[in-house]
Amino acid sequence: MSSSLHECCLKRSEAIRNEFPMLSVVENGHPMVYFNNAATAMTPKSVINAMTEYYEEYGVNIARGVDAIGYRATHLFEATRVKVADFLGAERSDSVVFTRGTTAALNLVCSSFGNLVVEAGDEIIVSGGEHHANYIPWQQLAKNKGAQLVLAELDEDGKVTPEALQKAMTPKTKLVALFHISNVMGAVHDVKALAKVAHDGGAYFVCDGAQGIVHDQINVVETDVDFYAFSGHKLFGPTGVGVLYGKYDLLKRMPPIEFGGEMISLVDVYDTTFADPPHRFEAGTMPIAEVIGLGKAIDYVNRYGYCAMQRRVEYLTSIAVEKLQAQPNVTIYNPHNYASGIICFNIEGIHPHDAAGIYDREGISLRAGHHCSQPMMRELKQFATLRASLAFYNTEEEVERFVEATEMAGDFLDILF
Ligand code: PLP
């Protein structure tokens, strides 16, 4: 790279980092290296400002009053629904239900739709690579209904191929629930091909997009998913808000699972009729500031562009993987999955929690544990792993510090023994 191009890249990287106030936090005396983006990503100022503006200028409830201020809040809330629908490539905005996050969205599909369609003797397919949020609800539904939970086989990269899904399907398969990108292995599913296998076999397809939405732009119509769930906080937006996309005719068949304000059509003495989707599923006061903040996060992603973000993530992840691979005591469980920014690894002889303590001492934040995916730990035959997860705002220098800290953690063993 020429020196002027290099300088230009540095300036751009600095400008981007300045948009994220948390990136200048100091941890244990070091500028923080934030490599825990798959857990929660940092939030840009535009999102924070939009939420502050709501609280300072028009922080009232929505859909309840006829006053101008209430109208402004309602309008911005509903405009975000349209923005989310466009972002997902959905045909209609009333296919978008706001929830507390991916977990709440998947529980809603399971408790309402799953409960409606799954019967005793049916089969529900998941994989061992799911986050607990896309595993336990289906496991419990199967248990309660006398249905069978079936695990589709994972390949060595941690994904279910369409062929593997086909193998797991039987005439009894009622529903398939799989991740878009896995949070442990960072494996990327061919969502369109998997949805087709499910549909050809007469089953519904639910997709957990918590990680996928960040790295692989989804089009819900092209992929033909029946349901797609994601969280705001992984997409550079606020916590406490998420989305369930559902095909409208399926949402229309689903009963609400929460009852209260603003989800009804008519409350009679002994019965109630409910509002149409999506409001039927949005009982009570919604996270208004967070929904508006999510809209700003989507603006941010659209402004930066998926391609540019992904180029950075894949480049940084590839150099981190290459450098870690040069350390003989490091085992990387997913050496080929650069697209997610996730590196799942262990350092020989050191428990991941102890290693995470060493990283923390160096100001590096990453995750250690089972990553809310004990089935995947079972697949890997590990109790826990380390997980570094990179975002487009991370830098080569941060990768360098991470690699050095890994070496240091390895040397720690030599000091002990
Ligand atoms: N699914 C996947 C793949 C995830 O990575 C996560 C969070 O880490 C979830 C579901 C749950 O998301 P949330 O905690 O935002 O509901």
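Let's start with a cysteine in this predicted model: the sulfur of Cys344 lies 14 Å from the closest cysteine sulfur, which belongs to Cys372, and that is too far for a bond. The cut-off behind this reasoning is that two cysteine sulfur atoms must be within 2.5 Å to be called a disulfide. Cys344 is also buried, with a relative accessible area of 0%.

Cys110 makes a good companion to look at next. By the rule just given, the count of disulfides comes to 0. Cys110 is accordingly in no disulfide, and the nearest cysteine sulfur, that of Cys207, is 15 Å away. Cys110 is buried too, with a relative accessible area of 3%. As a reminder of what is absent here, a disulfide is a covalent bond between the sulfur atoms of two cysteines.

Now turn to the ligand. Where does the ligand sit? The space it takes is the second largest pocket. If you would like to find the site in the viewer, select Thr102, Thr103, His131, Ala133, Asn183, Asp208, Ala210, Gln211, Ser231, His233 and Lys234, the residues around the ligand. This shell divides into 2 nonpolar, 7 polar and 2 charged residues.

Which atoms of the protein make polar contacts with the ligand? Three members of the shell are worth a look, one after another. In the side chain of Asp208, an N or O atom is 2.6 Å from a nitrogen atom of the ligand. The side chain of Ser231 likewise has an N or O atom 2.6 Å from the ligand, here from an oxygen atom. With Thr102 the backbone takes part: one of its polar backbone atoms is 3.4 Å from an oxygen atom of the ligand. As for how much of the ligand is covered, on its own it has 400 Å² of accessible area, and the protein covers 87% of that.

Conventions. Residues numbered from 1 in each chain as written. Predicted model: local features only at pLDDT ≥ 70, side-chain atom pairs only at ≥ 80, totals over all residues. Heavy atoms only, no water. Near = heavy atom within 4 Å. Polar contact = N/O pair within 3.5 Å; in protein donor to acceptor, adjacent residues only side chain to side chain. Areas by Shrake-Rupley, 256 points an atom, 1.4 Å probe, with all protein chains shown as cover. 1 Å grid on protein atoms, 1.4 Å probe; cavity = no way out; pocket = protein on both sides within 12 Å on 5 of 7 lines; lining within 4 Å. Sits in = over half its atoms within 2 Å of the grid points. Nonpolar A, V, L, I, M, F, W, Y, C, P; charged D, E, K, R; others polar. Buried < 20%, exposed > 50% of the residue type's maximum accessible area, 1.4 Å probe, protein only.
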